[in-house]
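Visitor: I'd like to know what stands behind the words people use for a model like this. Can you walk me through it?

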Amino acid sequence: MSEQNNRSVSVLGLGPMGQSMVRAFLAAGVEVTVWNRSTAKVDAMVELGAKRAESVAEALAANEVAVLSLTHYAAMYDVLGQAPEALAGKVIANLSSDSPEKARAGAAWVRERGAEFVSGGVMSAGDNISHPASYIFYSGPKAVFDAHAELLRPLSPQEYLGEDDGLAQIYYQALLTIFHPWLLAFDQATAMIAKSGHDIAAFLPFAIRSSEAFPYFMTEFSQANAAGGWADLASLKMMDAGAQHIIDASEEVGVDAKISHLAQSYWRKAVAASEAAGKPVSTFELISELDL
């Protein structure tokens with residue numbers, strides 16, 4: 001591989017994340033060629049020093065490695081499908097979000113057209129890939145990742161997981177599974193504070209302080225779940241009662257408590273299953289089986 005190729009890359013897709021990637025590459029001295037459906041976004045990156053590609057074919061031809069930052073894998077087919085003949089001999093690093101199976105199918109599609117492929121999941125604070133907590137999961141052939149890890153390093157710290165093309169998305173989506181309900185729960189909690197006539201800013205330090213216990217609970221429950229899940233009938237009933245208290249506190253001040261109602265439904269389902277089985281049944285067991 002030439003030194004020039006090792007310090008140049010194409011980026012296709014210039015949403016907020018794609019633009020952050022372009023800025024990170026440029027700041028590291030990497031030559032970047034960009035393509036996007038919207039030319040206004042291309043213009044903004046060109047002003048920062050990126051090179052313009054007038055077409056997908058031109059973007060792929062410009063460099064050995066192309067980074068995709070798109071909404072989902074369906075968009076990958078729409079974009080790369082404009083120039084499938086240009087894929088031969090290239091390396092596609094798809095850092096778009098989607099399901100593991102769609103990542104595996106996308107990897108096969110790219111390879112069938114003569115290119116190498118690695119999948120990535122960008123764990124970042126919004127589109128702030130320079131945040132200390134930001135990093136990127138990668139999966140796919142280790143030889144391909146190793147060959148291009150240095151080029152991709154400016155984007156964020158790297159966590160290579162394994163050969164399975166879908167593995168980066170398994171980890172990525174699992175972490176978002178934690179984040180999404182947490183975000184909605186935080187909205188509910190702060191709405192409860194505000195509609196009770198109190199200051200969210202005064203509440204914040206206690207929310208942060210409470211979160212410091214999360215690693216303890218995650219460690220405890222990860223060990224329990226690896227063994228089939230934690231369950232104790234008295235504790236399940238206590239969680240049901242606790243959920244009711246949250247619902248009451250929220251609804252008394254007119255705050256939507258649907259998230260807490262959903263949580264309560266799982267505790268109650270576990271209580272009922274435990275009583276029917278004559279032994280504790282964990283919410284982990286219930287969630288592990290899709291109820292069709």
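**Words and cut-offs**

Guide: Sure: the second largest pocket has a volume of about 150 Å³, a volume being the space filled by probe spheres set on grid points joined across faces, edges and corners. This is a predicted model, where local features need pLDDT of at least 70 and side-chain atom pairs count only at pLDDT 80 or more, while totals for chains, interfaces and linings use all residues. Residues are numbered from 1 along each chain as its sequence is written, and side-chain values use heavy atoms, leaving out hydrogens and water.

Visitor: What makes a residue part of the lining of the second largest pocket?

Guide: On a 1 Å grid over the protein atoms alone, a pocket is an open set of points with protein on both sides within 12 Å along at least five of seven lines, and lining residues have an atom within 4 Å of a point. Met17, Ser69, Gly121 and Tyr172 are among those that line this one.

Visitor: Why is Arg268 called partly exposed?

Guide: Buried means under 20% relative accessible area and exposed over 50%, with partly exposed in between (1.4 Å probe, protein chains only). Arg268 has 43%, so it is partly exposed.

Visitor: How do you know which residues Arg268 touches?

Guide: Contact means heavy atoms within 4.5 Å. Not counting residues up to four places away in sequence, Arg268 touches Asp240 and Gln244. The C-alpha atoms of Arg268 and Lys237 are separated by 7.5 Å, with the two residues 31 apart along the chain.

Visitor: What makes a nonpolar core?

Guide: Buried Ala, Val, Leu, Ile, Met, Phe, Trp, Tyr and Cys residues joined through side-chain atoms within 4.5 Å. The largest has 30 residues, and Leu155 is one of those with the most contacts inside it.

Key. 1 Å grid on protein atoms, 1.4 Å probe; cavity = no way out; pocket = protein on both sides within 12 Å on 5 of 7 lines; lining within 4 Å.
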